[in-house]
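The exercises below are to be worked with the sequence and the coordinates open side by side. Each task is followed by a solution that goes step by step.

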Amino acid sequence: MKICAFEVREDEKKDFTHLAGEFGIEITCHPGSLTMDNISICKGCEGVAILGESIMDEKMLDALKSEKVLYVATRSIGYNHINLEYAKKVGIKVCNSNYPSKGVADYTVMLILMSIRNFKRAFLHQRVNDYSLNGLVGREMKDLAVGIVGTGRIGFEVINNLSGFGCRMMAYDVFENENVKKYAEYVSLETLYEHSDVITFHLNLNESTYHMVNDESLEKMKDGVILINCARGEIMNNETLIRGIENGKIGGLALDVLENEEGIYHHDKKSSILKNRDMAYLRQFPNVVLTPHIAFYTDKAVSSMVRCAVEGIYDFSTTGTCKTQL
Ligand code: NAD
């Protein structure tokens, strides 16, 4: 059996090599995306393993079908780059990947701590030999009320992590999770907005969560609120964030994801002209921390994503189904 893997990073190669041995299959790794220009590479492959920049639209799925590819595995949780309906129609089976939520939850707590202790200011000051305490007074977690919006896998782990800090925790989700109630109180979104010093969002992106942080919802929050986003950029309206920082309504912002980050994050762009003015403007504020969508990025998560893809294709081929089939 042969698998072609696309968008393969250096850090994934050892896992692909290991799994090729474990399953007794041939895997070829390619750094670029799968496109109509290089599709001939797939000749003789039963499955392809991709990431989010290999777009599986109708044209591509038809072309894969012509190359006799039967399975597509994406090494990501998200699969909005794959036309699932059309894949089903042409008989190509698709699966995605998963990984433990702990890494993202730990990262979220790090961003909260960086925000309440003015890490970015302190870091900028010491780079110019300013060792004064000006503007660096922080707040202690146990004195704060933290709102957690979205208590699915990651939201729950964040609550679990924060339970050791002694802060008051308020939670909101359309579905309540009994385990959350051990540590946090479920309240209405209005109450959470009104009483939280820090609000962290762990929602999946859908119609109901698109621009959930907007002018209207920000108005309901405390003055000087700290907002954290390790979920999806589009949950927050960039314009609202910028206005909120400018007028002081937002006291601190830590974003691992940003609206319109696509094509920039996860690429070396140091010699390029970037066309994301919001990113450039937000980045210069002393109380705004931007990181390039890396909350997921741990050795454990990488191994898990590669394993899910290879195992998924192998299981499809040998049993007709797989654990992460979409
Ligand atoms: P999950 O599906 O387990 O949890 C999402 C929760 O949001 C669910 O409990 C759901 O009921 C709730 N929800 C959805 N719409 C809602 C609404 N309108 N109001 C209230 N609650 C609503 O997802 P997860 O695995 O915890 O992931 C959360 C987010 O984190 C996702 O957007 C995911 O893409 C993102 N993520 C980011 C990174 C990163 O590296 N930054 C890594 C992994 C996941």
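**Exercise 1.** In this predicted model, find which polar protein atoms lie close to oxygen atoms of the ligand, taking 3.5 Å as the cut-off for a polar contact.

*Solution.* Begin with the backbone, where a polar atom of Ile154 is 2.8 Å from an oxygen atom of the ligand. Turn next to the side chains: a polar atom of the Arg232 side chain lies 3.2 Å from a ligand oxygen, and for a polar side-chain atom of Asn204 the distance to an oxygen atom of the ligand is 3.4 Å. As a last step, consider the cover as a whole, since the ligand on its own has 870 Å² of accessible area, of which the protein covers 86%.

**Exercise 2.** Describe the make-up of the shell of residues around the ligand.

*Solution.* Count the surrounding residues, which gives 23, with Arg153, Ile154, Asp173, Leu203 and Ser208 as the closest. Then sort the shell by class, which yields 12 nonpolar, 7 polar and 4 charged residues.

**Exercise 3.** Determine the strand order of the sheet of 7 strands, and identify helices that pack on this sheet.

*Solution.* Reading across this open sheet, the order is β8-β7-β6-β9-β10-β11-β12, and the pairing is parallel. The edges are formed by β8 (185-186) and β12 (288-290), each of which pairs on one side only. For one pair in detail, take β6 (residues 145-149) and β7 (residues 168-172), parallel strands that are joined by 5 bridges; within this pairing, Ile148 has Ala171 of β7 as its bridge partner. Now add the helices: α4 (residues 102-116) lies across β9 (198-201), β10 (225-229), β11 (250-255) and β12, at about 150 degrees to β10. Helix α9 (residues 238-246) also packs on the sheet, where it touches β10, β11 and β12 and its direction makes about 140 degrees with that of β11.

**Exercise 4.** Carry out the corresponding analysis for the sheet of 5 strands.

*Solution.* The strands of this open sheet follow the order β2-β1-β3-β4-β5, again with parallel pairing. Its edge strands, β2 (26-29) and β5 (93-95), each pair on one side only, and from one strand to the next the twist averages 20 degrees. Looking at a single pair, β1 (residues 2-5) runs parallel to β2 over 4 bridges, and Ile3 finds its bridge partner in Ile27 of β2. To finish, place helix α11 (residues 299-319), which packs on this sheet in contact with β1, β2, β3 (47-50), β4 (71-74) and β5, its direction making about 155 degrees with that of β4.

Notes:
Residues numbered from 1 in each chain as written. Predicted model: local features only at pLDDT ≥ 70, side-chain atom pairs only at ≥ 80, totals over all residues. Heavy atoms only, no water. Pairing = 2+ DSSP bridges. Helix = DSSP H or I, 4+ residues; strand = E, 2+ residues; numbered from the N terminus. Axes fitted to C-alpha atoms, helices over the stretch in contact; angles between N-to-C directions. Contact = heavy atoms within 4.5 Å. Near = heavy atom within 4 Å. Polar contact = N/O pair within 3.5 Å; in protein donor to acceptor, adjacent residues only side chain to side chain. Areas by Shrake-Rupley, 256 points an atom, 1.4 Å probe, with all protein chains shown as cover. Nonpolar A, V, L, I, M, F, W, Y, C, P; charged D, E, K, R; others polar.
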